[in-house]
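The following exercises ask for a structure to be read element by element, each with a solution in steps. Please keep the sequence and the model open side by side while working through them.

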Amino acid sequence: MLTGKALTGAAWLVMSRFMGRFIDLFTLIILARILTPEDFGLTALAMTLIMTADMVLEVPIIQALLRRQHFDDEDLNTGFTLGLLRSLLFVVFIMCAAWPFAHFYGDMRLFPLMLVLSLGPFMRGLSSPAMVRFARHLSFRQTFIVEFSGKLAAFFVAVTIVQLGGGYWAIAANSVVAVTVSVIASYIIAPYCPSLSLTRFSHFASFTGWFSLNQILAALNWQLDRILLGRFVDMPAFGKYVIATDLSAFSSQSVIGPAMQAVMAAFSSINTDRARIRQAFMKVARFVLLVSAPVCVGLSVTADLVVLIVLGDQWMGAAPMLQILALAVLPTSYFQVFYSLSLALDRPSYLFQISLVEFVLRLLFIPAGLFLLAIDGVLYARLLIGLAMFVIYMLYVRRLGGIGIRAQLLNLWRVALATATMAAAVLLLRPELSLLALGPIAQLAILAAAGAAIYVVTLRVVGIRFSMTNGFGLREA
């Protein structure tokens, strides 16, 4: 029953995020063919400080409430108050930092742009905390409605602004409107009358400490490359790097990430049974890599076709970047499962330790790569860091869940073999297709179909079947 509820909840979350990312992709296609890489680079540079501050000041209201066996209106009121205080602090910080930030990067257009973009994270902190009631029961259909309504409204506003000649302000409007409409929808779906209270602050404080420390390091890890590149490379090249980064994270942000909220709720419900939770982790980890590995590797081997189809000729410089970044982000999927497990077992300190290790690696390799090979050096540094962090993730899984590294590798070897076989087949097929003078869309469609077929067949040969009888759609022969 738990597996079924988790699967249903995860399906709604995945559909919500996937539909949202699909709308984002459609918006990107329209904007990328009207705006320039410089426009995207400017907005991305402004978002660097916005997203860093947003992550550092994040208050894990939903996660903290989910950990409690019971919560009442006072818990919700405390959660809302903390979210409001966080939003006010965020806006004050951005208002103070926007001018010196723009001056440091030598482009004063950043100042008003950052002030407008700060409205999105401000509104996010005001979402209805009553939405947690649905998450508690692994019901995420309401989350789908809330997120989808925001994305749809943002699409129409962004397209309207760019058609009216608003330039990069269309990108900013897309970000702000999506959050604002979603917050309004959260109160319609989960009615809640805001009331200020901090009487249950202690229920959040113990959880927030390690979580906040981890968020500080995670924000620096996420934005360090952009902070450096925004200062030392030209804006068009920076814009291409940012778009390649966003495309590379499609699988983790659209499918894996949203599903982990349901997985964390499921892990939390069995966190007293260590044998059961170990089995659940192995099952979820393999399923996650089963989905993300072929997507990331497939995106890498067809990067030029994807960029040409989605963005157009002026963005072809992003294709080599996407080829490397798609592989560099693959280990993140494994971490997302560990992230859910550590929160469910009340071990946020492990997340902080992992983020600290990653920060040290990024601090060493990314500036060195930038100094030696400019953007190419940063790309190779990220690939190297991704491989190193995958080993770190396995070590911490062993420490937290008692699952040996050998057991973890054996759990994934079939997926790795099938993914490698798929990649080899696609690489061999590409020169043959180029001789047929097919268009890029036709080539990508054939490669995707052939790669998917080879992947599934290889999985069946090595003993993995797709079934709903064993949870998460997997059954070994």
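A crossing is called left-handed if the near helix is turned anticlockwise from the far one by less than a right angle, and right-handed if it is turned clockwise. The model is a predicted one, in which local features need pLDDT of at least 70 and side-chain atom pairs count only at pLDDT 80 or more, while totals for chains, interfaces and linings use all residues. Residues are numbered from 1 along each chain as its sequence is written, and side-chain values use heavy atoms, with hydrogens and water left out.

**Exercise 1. Describe the packing of helix H8 and helix H9, and then place Ile189.**

Step 1. Helices (H or I, at least four residues) and strands (E, at least two) are DSSP runs, numbered from the N terminus; with this convention the protein has 19 helices and two strands.

Step 2. Helix H8 (residues 141–163) packs with H9 at an angle of about 150°, and their axes are 7 Å apart. Here axes are lines fitted to C-alpha atoms, for helices over the stretch in contact, and angles run from 0 to 180 degrees between N-to-C directions.

Step 3. Angles under 35 degrees count as roughly parallel, over 145 as roughly antiparallel, 65 to 115 as roughly perpendicular and the rest as oblique; H8 and H9 are therefore roughly antiparallel to each other.

Step 4. The crossing of H8 and H9 is right-handed, and the residues of their contact divide into 17 nonpolar, six polar and one charged. In this division Ala, Val, Leu, Ile, Met, Phe, Trp, Tyr, Cys and Pro count as nonpolar, Asp, Glu, Lys and Arg as charged, and the others, Gly among them, as polar.

Step 5. Ile189 lies in helix H9 and counts as partly exposed at 25% relative accessibility, where buried means under 20% relative accessible area, exposed over 50%, and partly exposed in between (1.4 Å probe, protein chains only).

Step 6. Not counting residues up to four places away in sequence, Ile189 touches Met131, Phe134, Gln142, Ile145 and Val146, contact meaning heavy atoms within 4.5 Å. Ile189 and Gln142 are 47 residues apart along the chain, yet their C-alpha atoms are separated by 6.7 Å.

**Exercise 2. Work out how helix H13 and helix H16 pack, and which residues make the contact.**

Step 1. Helix H13 (residues 274–301) and helix H16 (residues 331–344) pack at an angle of about 150°, with 9 Å between their axes, and the two are therefore roughly antiparallel.

Step 2. H13 passes H16 in a right-handed crossing. From H13 the contact is made by Ile277, Phe281, Val284, Ala285, Val288, Leu289 and Ser292, and from H16 by Ser333, Tyr334, Val337, Phe338 and Leu341.

Step 3. These contact residues of H13 and H16 divide into 10 nonpolar, two polar and no charged.

Step 4. Ser300 also has its place in helix H13 and is buried, with a relative accessible area of 7%. Leaving aside its neighbours within four places in sequence, Ser300 is in contact with Gln323, Ala326 and Leu327.

**Exercise 3. Which residues of helix H5 are buried, and where around the axis do they lie?**

Step 1. The buried residues of H5 (residues 110–117) are Leu110, Leu113, Met114 and Leu117.

Step 2. These residues cover an arc of only 100° around the axis, which puts them on the same side of H5; the arc is that of the directions from the helix axis to the C-beta atoms.

Step 3. The buried residues of H5 pack against helix H2 (37–56), helix H4 (73–104), helix H6 (119–124) and helix H9 (169–189).

**Exercise 4. Examine the positive phi values of Ala374 and Ala437 in their surroundings.**

Step 1. Ala374 has a positive phi of about 55° although it is not a glycine; this residue is in helix H17 (residues 348–401) and is partly exposed, with a relative accessible area of 39%.

Step 2. Ala437, likewise not a glycine, has a positive phi of about 60°. Ala437 is found in the loop between helix H18 (405–434) and helix H19 (440–461), where it is exposed, with a relative accessible area of 70%.
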